[in-house]
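Visitor: I am new to this structure and would be grateful for a close look at a single part of it. Please take me through that part in a connected account.

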Amino acid sequence: MEVIIGILVIIILGLLCYLFVLKKELKRIGNDLDEVLMHDSNQLLHKKLVSKEIDTLLVKINSMVTRVRGKEIGLERKNNYLKKEITNITHDLRTPLTSSLGYIDIIMKSDISKEEQIKELKIVQNRLLRLQELVSAFFELSMVTASNEKVEYAQTNLVAVIEECMSHYYDDFVGRNKTILFEHSKSKCLFYSNADMLKRIIDNLIGNALKHSDSDLHITLTAGDEISLSFSNTVVDDSIDTEHIFDEFYTSDISRTKGNTGLGLAMAKQFTEILGGKISANLSDNKLTIEITFSGK
């Protein structure tokens, strides 16, 4: 009997020691966790006590810390990106507004003829129209990125959509001694998509080519298991960064001087991805090719 009691006492003492060590280890882990969170450290927690339960706990805690750090880094990047874009927006909105105010000041304070006043007022009108275009583009992009509405799909003839968009720009291209060449092997290219979004994609790509190209625009459509649509033209600016060309507010120096918002290609990318497609750009020997692919099913 005394032997059994002695064994039980030893077991109890062993358990008490283990609980004491376990409590100390948990306290140490808690302190380490506080230290990690307090100093925004990427360091993970480690164990000093061999225990399956401690191992499981640390795996879960380290996983949580990693996720939290990932979210914090993502939020910091978005915050820095937002600051940068706010600066870009402010610059883009301020430029035509400041210019307009300058011309209005000239009209009001200078002794100029009526013809000169009309000339200056037309400049102001163009600046204000530019401002209106910018505000509309910013609003449209925000609506695209924030919209949670379900996209409605229907059988769509891509050839007809492209031809309709081309007709909108016909006079503009002719006025600049350029044209749009559309190559396709079939009179119809039917697949399930959203015609309105496709029009916005194609409209933005044609408009971009009109602004920044000194050559004809070549549009090529091939259909099979995948539908491939490419827009190719020679550009006057060879400094285009094709890795960032679809970023919001991306503009090269020449595009700013030509009044580009930097949003057209960003919206084209947004709509393409919403429709489940992919878009890419390639620049070679001043020839810019933007290619879009959709599933042909």
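Across which strands does helix α7 lie, and at about how many degrees does it run to β6?

Guide: The model shown here is predicted. Helix α7, which spans residues 264-274, lies across β6 and β7. Its direction makes about 140 degrees with that of β6.

Let us begin with the helix itself. Several residues of α7 are buried, namely Gly264, Leu265, Ala266, Met267, Ala268, Phe271 and Thr272. Two charged residues of the helix have another setting. Lysine 269 is partly exposed, because its relative accessible area is 27%, which lies between the limits of 20% for buried and 50% for exposed. Glutamate 273 is likewise partly exposed, at 44% relative accessibility. These two residues form a salt bridge, in which the closest N and O atoms are 2.8 Å apart. Glutamate 273 and lysine 269 are four residues apart in helix α7, so about one helical turn separates them. The geometry of helices explains such a pairing: an α-helix has 3.6 residues a turn, so residues three or four places apart point the same way. Just after α7, glycine 276 adopts a positive phi of about 80 degrees.

Next come the strands beneath this helix. Strands β6 and β7 run antiparallel and are joined by seven bridges. One of these bridges pairs serine 280 with glutamate 291 in β7. The two strands form a hairpin with two residues between them, and in this hairpin aspartate 285 has a positive phi near 55 degrees.

The hairpin belongs to a wider arrangement. An open sheet of five strands follows the order β2-β4-β5-β7-β6, and its pairing is mixed. At the edges stand β2, residues 180-184, and β6, residues 278-284; each has a single partner strand, so one side of each lacks a neighbour in the sheet. From one strand to the next, the twist averages 15 degrees. As a general matter, strands of a sheet pair through backbone hydrogen bonds, either parallel or antiparallel.

Within this sheet, β4 (residues 217-223) and β5 (residues 226-234) pair in the antiparallel sense over six bridges. Here threonine 220 stands opposite serine 230 in β5. Serine 230 counts as buried because its relative accessibility is 14%, and buried means under 20%. Beyond its neighbours within four places in sequence, serine 230 is in contact with His218, Ile219, Thr220, Thr289, Ile290 and Glu291. Glu291 has already appeared in this account, as the bridge partner of serine 280.

A second helix also meets the sheet. Helix α5, residues 195-212, packs on the sheet and touches β2, β4, β5 and β7, the last of which covers residues 287-295. The direction of α5 makes about 20 degrees with that of β5.

Helix α5 also takes part in a salt bridge. A search of the whole structure finds two salt bridges. One is the pair in α7 described above, glutamate 273 with lysine 269. In the other, lysine 199 is joined to glutamate 164, with the closest N and O atoms 3.4 Å apart. This pair links distant parts of the chain, since lysine 199 is in helix α5 and glutamate 164 is in helix α4 (residues 158-175), 35 residues apart. Lysine 199 is partly exposed, at 26% relative accessibility, and glutamate 164 is partly exposed as well, at 33%.

Finally, the part can be set within the whole chain. The chain holds seven helices and seven strands. Counted from the N terminus, its elements run α-α-α-β-α-β-β-α-β-β-α-α-β-β. Of the 297 residues in the chain, 36% are buried. Among contacts between residues at least 6 apart in sequence, 67% join residues at least 24 apart. The accessible surface of the chain comes to about 19200 Å², and 57% of this belongs to carbon and sulfur atoms.

One feature of that surface involves helix α1, residues 2-38, where isoleucine 11 is found. Isoleucine 11 is partly exposed, with a relative accessible area of 44%. Together with Ile4, Ile7, Leu8, Ile12, Leu13 and Leu16, Ile11 forms a nonpolar patch on the surface, with about 650 Å² of accessible area in total.

Note on methods. Residues numbered from 1 in each chain as written. Predicted model: local features only at pLDDT ≥ 70, side-chain atom pairs only at ≥ 80, totals over all residues. Heavy atoms only, no water. Patch = residues over 30% accessible without salt bridge, like charges linked within 9 Å, V, L, I, M, F, W, Y side chains within 5 Å. Areas by Shrake-Rupley, 256 points an atom, 1.4 Å probe, with all protein chains shown as cover. Salt bridge = Lys/Arg side-chain N within 4 Å of Asp/Glu carboxyl O. Buried < 20%, exposed > 50% of the residue type's maximum accessible area, 1.4 Å probe, protein only. Pairing = 2+ DSSP bridges. Axes fitted to C-alpha atoms, helices over the stretch in contact; angles between N-to-C directions. Contact = heavy atoms within 4.5 Å.
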